[in-house]
Amino acid sequence: MVEPYFPPVSPFVAGLRCRCPRCGEGKLFQGFLTVAPACPRCGLDYAGVDSGDGPAVFIIMIAGFIVVGLALWTEVSFEPPLWVHVLLWFPLILVLSLGLLRPFKAVLIALQYRHKVTQGFG
């Protein structure tokens, strides 16, 4: 059986859009972080796809760098009370962590597909 041809899709574009790494059109997720069973557009099987803890580690490093840097600058420049730090940095940590987790997970899955990691893609 001849496989249909799919033009190459950038794993970064597909990942940031949370789309299928093969066709670039179908949705990769069926929930917030739950990977769909298969691409609704091209039928790529996502059954065993697993990004592991990689996206979370990258986000911890990126968000931590941003928040700690800004908190340190705020403390040195303005010396606000502790409750101001809580009001400023807690929401920023939530927004950065939750906002980046889904696209980072999608990019990692797309990179696994691009580099033919055989585990997971049927």
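These are my notebook entries on a predicted model, taken feature by feature.

**Entry 1: nonpolar surface patch**

I began with the surface and looked for nonpolar side chains grouped together. I found a patch formed by Val57, Phe58, Met61, Ile62, Phe65, Ile66, Leu70, Trp73 and Phe78, which together have about 970 Å² of accessible area. I then picked out Met61, one of the residues of this patch, and placed it in helix α2, which covers residues 54-78. Its relative accessibility is 57%, and because exposed means over 50%, I entered Met61 as exposed.

**Entry 2: aromatic pair**

Next I searched for paired aromatic rings, and the structure holds one such pair. The partners are Trp73 and Phe78, with ring centres 5.5 Å apart and planes at 90°, so I noted the pair as edge-to-face. I also checked how these two residues stand towards the surface, and both Trp73 and Phe78 are exposed; both had already appeared in my list for the nonpolar patch.

**Entry 3: largest pocket**

I turned to open space in the model and looked up the largest pocket, which holds about 280 Å³. Its lining is made up of 13 residues, and those nearest the centre of the pocket are Phe6, Pro21, Arg22, Tyr113 and Lys116. Which helix gives the most to this lining? I found that helix α3, residues 82-114, does so, with three residues.

**Entry 4: positive phi outside glycine**

I then went through the backbone for positive phi values in residues other than glycine, and I wrote down Cys18, with a phi of about 55°, and Glu79, with a phi near 50°. Cys18 lies in the loop between α1, residues 11-16, and α2, whereas Glu79 lies in the loop between α2 and α3. Are these residues buried or exposed? Cys18 has 12% relative accessibility, and since buried means under 20%, Cys18 counts as buried. Glu79, by contrast, has a relative accessible area of 61% and is therefore exposed.

**Entry 5: Glu25 and Pro8**

Last, I returned to the loop between α1 and α2, where Glu25 is also found. With 41% relative accessibility, Glu25 falls between the limits for buried and exposed, so I recorded it as partly exposed. I also looked up its separation from Pro8: the two residues are 17 apart in sequence, and from C-alpha to C-alpha they are 12 Å apart in space.

How values were computed. Residues are numbered from 1 along each chain as its sequence is written. This is a predicted model: local features need pLDDT of at least 70, side-chain atom pairs count only at pLDDT 80 or more; totals for chains, interfaces and linings use all residues. Side-chain values use heavy atoms; hydrogens and water are left out. Patches are made of residues with over 30% relative accessible area and no salt bridge: like charges are joined within 9 Å, nonpolar side chains (Val, Leu, Ile, Met, Phe, Trp, Tyr) within 5 Å. Accessible areas come from the Shrake-Rupley method with a 1.4 Å probe; for residues, only the protein chains shown count as cover. A salt bridge is a side-chain nitrogen of Lys or Arg within 4 Å of a carboxyl oxygen of Asp or Glu. Helices (H or I, at least four residues) and strands (E, at least two) are DSSP runs, numbered from the N terminus. Buried means under 20% relative accessible area, exposed over 50%, partly exposed in between (1.4 Å probe, protein chains only). Rings of Phe, Tyr and Trp (its six-membered ring) pair if their centres lie within 6.5 Å; planes under 30 degrees apart count as stacked, over 60 as edge-to-face and the rest as tilted. On a 1 Å grid over the protein atoms alone, a cavity is a set of points where a 1.4 Å probe fits but cannot get out, and a pocket is an open set with protein on both sides within 12 Å along at least five of seven lines; lining residues have an atom within 4 Å of a point. Grid points are joined across faces, edges and corners, and a volume is the space filled by probe spheres set on the points.
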